[in-house]
Structure formats: structure tokens, C-alpha cells
Amino acid sequence: VTELVLFSTTLLETGDTIGKGQLTGRRVTFVNSYAIRGKYFNFSTSGQWTWDEIVVSIPATANMRDLTERIHTVVTAETQENARLAEQDWKRGRKDLSGVPFSAEAVLSLRPSAAGIEVEARYMTRASERFEVRNRLNQKLIELLHEQTGETAAEARGAVEPH
């Protein structure tokens, strides 16, 4: 919280994709009646969930449809438990959301790039586990991409000479 006055509160966002707890520079201001009426959820009082994302570039020569489905499967498998727990926390914190559809499941966005497409995977994670989850996902996605080229993970790291 950077400013708390009679009619409004201003927050400064932290924790972007660069570093844990680093300021993003984004300021959020809302009228205090908004918070008093229970229109927002105080994430600091529960599991401290955050959306995170990872971007994977896929060359135009790859079987893009199959590879994007496999990327989605990997990201979903790695994050589905956190998504389930986040949804439970949010439903518990907001009783008026019972009929509102809400999902914390991982989603993919595709965009064209010069080399093929970029796959942006967005997923839910605990803020305290963000970097561990991202590292696991990076490792699994690198292995997946190397499977496509027939290269082993050890060869990719330079530990094994290719035949």
C-alpha cells in the first residue's frame, strides 16, 4: 500500500516475471467503498496465488498442433493441483461467486512469430513456489522440445556428444 486516504487506496504491484518481490511499477487505485463492500479478495490472507506464464517458441517446421497439445498437457499436469486449491481458496473467500464460472486451469495463447509461433502458457501457482514451478516447467518443456528433434536432454546440455 503506497497511499491510504479518506476515499481511496493506492497499491503498488510487486512480483513480476523478472524477480520475486520486485516492483513492477504498476499502480492500482480503488475507492475504499469497493473494498468495504467486499468486492475484492485479500490475497495476503490466504494461499497467495498468482498467475504466471511461460513462453515457448515453436519452429514453423514442427507439428505445431501436436506440440501445443503436448505443451498444454505438461503445464496442466504440473499445475492442476495448485489450480484446484486456488479455486477452493477463492470460493471460500467469496461466497457470492457460487454461480459465477471461474477456472484457475492452465491456458495457452498462440501468436505468430518470425520463426513459427510463440506459445504462451498461463498457469496458477502459489507466490512462494513460483520460481520452483517455473524451473520444473522449463525443464519439462525443454525435454519435450528435444524429443521433437530426437536430441536427448543430456546432449542438449552438452554432457553427451551426439553420435
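# Notebook: strand E6 and its surroundings

I started with the fold order: read along the sequence, the chain goes β-β-β-α-β-α-β-β-α-α. That gives me four helices and six strands. Note to self: this is a predicted model.

**Whole chain.** I looked up the general numbers next. The chain has 163 residues, and buried ones make up 29% of them. It exposes about 10500 Å², with carbon and sulfur atoms supplying 54% of that. I also checked how far contacts reach along the sequence. Among contacts between residues at least 6 apart, 61% join residues at least 24 apart.

**The sheet.** Which strands form the open sheet, and in what order? I found three, in the order E4-E6-E5, with antiparallel pairing. E4 (49–59) and E5 (107–113) are the edge strands, each pairing on one side only. From one strand to the next, the twist averages 25°.

I then went through the pairings. E4 and E6 pair in the antiparallel sense over eleven bridges. In that pairing I picked out Val-56, whose bridge partner in E6 is Val-119. On the E5 side, Leu-110 stands opposite Val-119. E5 and E6 pair over seven bridges, also in the antiparallel sense. One more pair I jotted down there is Val-107 with Arg-122 of E6. A hairpin of two residues joins E5 to E6. A reminder for myself: strands of a sheet pair through backbone hydrogen bonds.

**How enclosed is E6?** I counted burial along this strand. Eight of the eleven residues of E6 are buried, so the strand is largely enclosed by the rest of the structure.

**Glu-120.** This glutamate caught my eye in E6, which spans residues 116–126. Is Glu-120 buried or exposed? Its relative accessible area is 15%, and buried means under 20%, so Glu-120 counts as buried. What does its side chain meet? I found a polar contact of 3.4 Å between the side chains of Glu-120 and Arg-111. Leaving aside neighbours within four places in sequence, Glu-120 touches Glu-53, Ile-54, Val-55, Val-107, Leu-108, Ser-109 and Arg-111.

**Glu-53.** Since Glu-53 turned up in that list, I looked at it too. It is in strand E4. With a relative accessible area of 29%, Glu-53 is partly exposed. Beyond its neighbours within four places in sequence, it is in contact with Glu-120, Ala-121, Arg-122, Tyr-123 and Arg-134. I checked Tyr-123 for distance: Glu-53 and Tyr-123 are 70 residues apart in sequence, yet their C-alpha atoms are 6.2 Å apart in space.

**Nonpolar cores.** Tyr-123 came up again when I went through the largest nonpolar core, which has 16 residues. Ile-71, Val-75, Tyr-123, Leu-137 and Leu-141 touch the most other members. The elements giving two or more residues to this core are E4, helix H2 (64–93), E6 and helix H3 (130–149). There is also a second, separate core of six residues, including Ala-83, Ala-86, Trp-90 and Ala-104.

Last lookup was Leu-141. Leaving aside neighbours within four places in sequence, Leu-141 is in contact with Ile-54, Val-56, Ile-71 and Val-74. Ile-54 is also on the contact list of Glu-120, and Val-56 is the residue I had paired with Val-119.

Terms used:
Residues are numbered from 1 along each chain as its sequence is written. This is a predicted model: local features need pLDDT of at least 70, side-chain atom pairs count only at pLDDT 80 or more; totals for chains, interfaces and linings use all residues. Side-chain values use heavy atoms; hydrogens and water are left out. Buried means under 20% relative accessible area, exposed over 50%, partly exposed in between (1.4 Å probe, protein chains only). A polar contact is a pair of N or O atoms within 3.5 Å; within protein, one must be able to donate a hydrogen and the other to accept it, and residues adjacent in sequence count only if both atoms are side-chain atoms. Contact means heavy atoms within 4.5 Å. Two strands pair if DSSP finds at least two bridges between them. Axes are lines fitted to C-alpha atoms, for helices over the stretch in contact, and angles run from 0 to 180 degrees between N-to-C directions. A nonpolar core is a set of buried Ala, Val, Leu, Ile, Met, Phe, Trp, Tyr and Cys residues joined through side-chain atoms within 4.5 Å. Accessible areas come from the Shrake-Rupley method with a 1.4 Å probe; for residues, only the protein chains shown count as cover.
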